[in-house]
Amino acid sequence: MRIELDDLSRPLVHDLLREHLSNMYELSPPESVHALDLSRLRSPDVTFWTVWEGAALLGCGALKELDPTHGEVKSMRTSQSLRRRGAGRAVLARIVEEARARGYARLSLETGAQEPFRPAQQLYESFGFTYCGPFGPYRPDPNSVFMTLALS
């Protein structure tokens, strides 16, 4: 398994991001979907990684800088057909490592509150993320769960 800094130019990556957005809209009402589309992932404040096993794209994840001390985990996705191989854990570890290297004091995230999001919440919990209130641009939302990890 290898993790690559990704420039978002490959069709396989585009397909995975389409799967991600489609699934988010299946699970949550539109006003509660906070997933970034391809153009927003290309923003200079976002760093994006992909996880590969040979030529197979297993998953992806991104780190968005909210301010010089606070980052946000974005676009965590493992391909529906390639789950349970450790790709999510591997890319999250890379995101946490990068956040620490940048000197962030905190790393936060928003995920869904519905049952299909529970495995993601458990992954974040295993890294030490704890539940918190909305941060940055978010507002209270019954369809969202907010989590944060102190990095100091």
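**Exercise 1. State how many helices and strands the protein has, and give their order along the chain.**

Solution. The model is predicted. Its secondary structure consists of four helices and seven strands. Read along the sequence, these elements follow the pattern β-α-α-β-β-β-α-β-α-β-β.

**Exercise 2. Decide whether the radius of gyration agrees with that of a compact globule, and describe the overall dimensions.**

Solution. Step one is the expected value: for 152 residues, a compact globule would have a radius of gyration near 15 Å. Step two is the comparison: the protein has 14 Å, which agrees. Step three is the extent: along the principal axes, the C-alpha atoms fill a box of roughly 40 × 35 × 30 Å.

**Exercise 3. Characterise burial, contacts, surface and charge for the whole protein.**

Solution. Start with burial: 47% of the 152 residues are buried. Next, take the contacts with a separation of 6 or more; 63% of them join residues 24 or more positions apart. The accessible surface is about 7600 Å², and carbon and sulfur atoms hold 52% of it. Finally, count the charged side chains: 18 are positive and 19 negative, with the centres of the two sets 3 Å apart.

**Exercise 4. Identify which residues of the largest nonpolar core touch the most other members, and which elements supply the core.**

Solution. The core has 22 residues, and V73, M76, L92, I95, L107 and F129 touch the most other members. Two or more residues each come from β2 (46-53), β3 (56-67), β4 (70-78), α3 (87-101), β5 (106-112), α4 (118-126) and β7 (144-150). The largest contribution is from α3, with six residues. For a single member, leave out residues up to four places away in sequence: L92 then touches V73, M76, L123, Y124, F127 and F129. A further core of twelve residues lies apart from the largest one, and its members include L8, L17, L36 and L41.

**Exercise 5. Compare the location, phi and burial of L8 and S75.**

Solution. Locate the residues: L8 is in the loop between β1 (2-5) and α1 (11-27), while S75 is in strand β4. Then read the backbone angle. Phi of L8 is near 60°, and phi of S75 is near 50°. Each value is positive in a residue other than glycine. Last, check burial against the cut-off of under 20% relative accessible area. L8 has 3% relative accessibility and therefore counts as buried. S75 has a relative accessible area of 6%, so S75 is buried.

**Exercise 6. Classify Y131 as buried, partly exposed or exposed, and list its contacts.**

Solution. Y131 belongs to strand β6 (residues 130-132). Its relative accessibility is 42%, so Y131 counts as partly exposed. Beyond four places in sequence, Y131 touches R118, Q121, E125, V145, F146 and M147. As a distance check, E115 is 16 residues from Y131 in sequence, and their C-alpha atoms are 16 Å apart.

**Exercise 7. Determine where G136 lies, whether it is buried or exposed, and how far its C-alpha atom is from that of L66.**

Solution. G136 is placed in the loop between β6 and β7. The cut-off for exposed is over 50%. At 55% relative accessibility, G136 therefore counts as exposed. G136 and L66 are 70 residues apart along the chain, yet their C-alpha atoms are separated by 7.3 Å.

Key:
Residues numbered from 1 in each chain as written. Predicted model: local features only at pLDDT ≥ 70, side-chain atom pairs only at ≥ 80, totals over all residues. Heavy atoms only, no water. Rg over C-alpha atoms; globule rule 2.2 N^0.38 Å. Buried < 20%, exposed > 50% of the residue type's maximum accessible area, 1.4 Å probe, protein only. Contact = heavy atoms within 4.5 Å. Areas by Shrake-Rupley, 256 points an atom, 1.4 Å probe, with all protein chains shown as cover. Lys, Arg positive; Asp, Glu negative; His and termini not counted. Charge placed at Lys NZ, Arg CZ, Asp CG, Glu CD. Core = buried A, V, L, I, M, F, W, Y, C linked by side-chain atoms within 4.5 Å.
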